[in-house]
Protein chains: 2
Amino acid sequence: MAKGVFYHAGCPVCVEAEQVFLEYLDPTKVAVEVVHLGTDRSRIEEAEQAGVKSVPAIVINQVVYHINYGASLDDVKGS
Amino acid sequence: MAKGVFYHAGCPVCVEAEQVFLEYLDPTKVAVEVVHLGTDRSRIEEAEQAGVKSVPAIVINQVVYHINYGASLDDVKGS
């Protein structure tokens with residue numbers, strides 16, 4: 001079972017991407033944790049370490065997939 | 001069953017994204033067609049109409065999700 005972390009910051013682009021990915025990813029193959037970086041700021045550094053540069057992004061098995069472009073991680077840090 | 005179309009142009013970013021998405025999407029919920037715009041150039045206009053601006057991108061139920069940034073559609077057209 002792969003581990004996925006979906007990082008977002010609550011922006012409209014993020015919410016739309018989240019709904020699709022959580023709905024269409026196969027729960028028997030990947031377990032997805034959703035992290036709202038706007039409210040759980042303690043996870044920002046972890047996202048940065050994982051290579052996340054903008055949100056929404058999903059990290060699966062240490063590989064980062066940025067989805068569309070909601071906000072840069074610097075914006076999330078500054079907000 | 002939703003319909004997904006994964007557009008790419010064979011670039012390394014594309015191949016990595018393709019492998020993950022095809023592996024982790026739930027085949028009981030979404031049927032994904034893979035389109036290589038570098039070889040199947042007749043589908044470029046269709047991708048443009050769907051709102052694709054860069055590849056790789058996956059379109060699910062008419063909503064476009066650009067994944068990371070491999071190449072712009074203009075580059076694909078010009079190549």
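Gln62(B) sits in the loop between β3 and β4 (63-72) of chain B, and this is a good place to start reading the model, which is a predicted one. Look at the backbone here: phi of Gln62(B) is near 70 degrees, a positive value in a residue that is not glycine. The side of the story that concerns solvent is clear too, because a relative accessible area of 72% lies over the 50% that marks a residue as exposed.

Now hop over to chain A and find the loop between β3 and β4 there, where Asn61(A) has its place. Asn61(A) also has a positive phi without being a glycine, with a value near 50 degrees. Is Asn61(A) exposed, partly exposed or buried? Its relative accessibility is 39%, so Asn61(A) counts as partly exposed, given that this class covers the range between 20% and 50%.

Step back into strand β3 and there is another backbone feature to check. In chain A, the peptide bond that leads from Val55(A) to Pro56(A) is cis, with omega near 0 degrees. Pro56(A) belongs to strand β3, which covers residues 54-60 of chain A. Chain B has a cis peptide bond as well, joining Val55(B) and Pro56(B), with omega about 0 degrees. Pro56(B) is likewise part of a strand, namely β3 (residues 54-60) of chain B.

Going forward from the loop in chain A brings you to strand β4 (residues 63-72), the home of Val64(A). What makes Val64(A) count as buried? Its relative accessible area is 13%, and buried means under 20%. The neighbours of Val64(A) help to fill in the picture. Leaving aside residues up to four places away in sequence, Val64(A) touches Ala50(A), Gly51(A), Val52(A), Ala57(A), Ile58(A) and Val59(A), and also Asn68(B) from the other chain. For a sense of distance, take His36(A), which is 28 residues from Val64(A) along the chain: the two C-alpha atoms are separated by 16 Å.

With those details in place, we can zoom out to chain A as a whole. Chain A holds three helices and four strands, and from the N terminus on they follow the order β-α-β-α-β-β-α. The radius of gyration is 12 Å, close to the 12 Å that the globule rule gives for 79 residues, so chain A is as compact as a globular protein of that length. Along its principal axes, the C-alpha trace spans about 35 × 25 × 20 Å.

How are contacts and surface distributed? Of the contacts in chain A with a separation of 6 or more, 63% are between residues 24 or more positions apart. Buried residues account for 47% of the 79 residues. The accessible surface of chain A amounts to about 3,800 Å², and carbon and sulfur atoms contribute 53% of that. As for charge, chain A carries 6 positive and 11 negative side chains, with the centres of the two sets 5 Å apart.

Finally, let us put the two chains together. A turn of 180 degrees, with a shift of 0.0 Å along the axis, lays chain B on chain A with an RMSD of 0.0 Å. The two copies are thus related as by a two-fold rotation axis. Why can we say that the copies meet through the same surface? Because 100% of the interface residues of chain B are also interface residues in chain A.

Note on methods:
Residues numbered from 1 in each chain as written. Chains lettered and ligands numbered in written order. Predicted model: local features only at pLDDT ≥ 70, side-chain atom pairs only at ≥ 80, totals over all residues. Heavy atoms only, no water. Least-squares fit on C-alpha atoms with pLDDT ≥ 70 in both. Contact = heavy atoms within 4.5 Å. Helix = DSSP H or I, 4+ residues; strand = E, 2+ residues; numbered from the N terminus. Buried < 20%, exposed > 50% of the residue type's maximum accessible area, 1.4 Å probe, protein only. Rg over C-alpha atoms; globule rule 2.2 N^0.38 Å. Areas by Shrake-Rupley, 256 points an atom, 1.4 Å probe, with all protein chains shown as cover. Lys, Arg positive; Asp, Glu negative; His and termini not counted. Charge placed at Lys NZ, Arg CZ, Asp CG, Glu CD.
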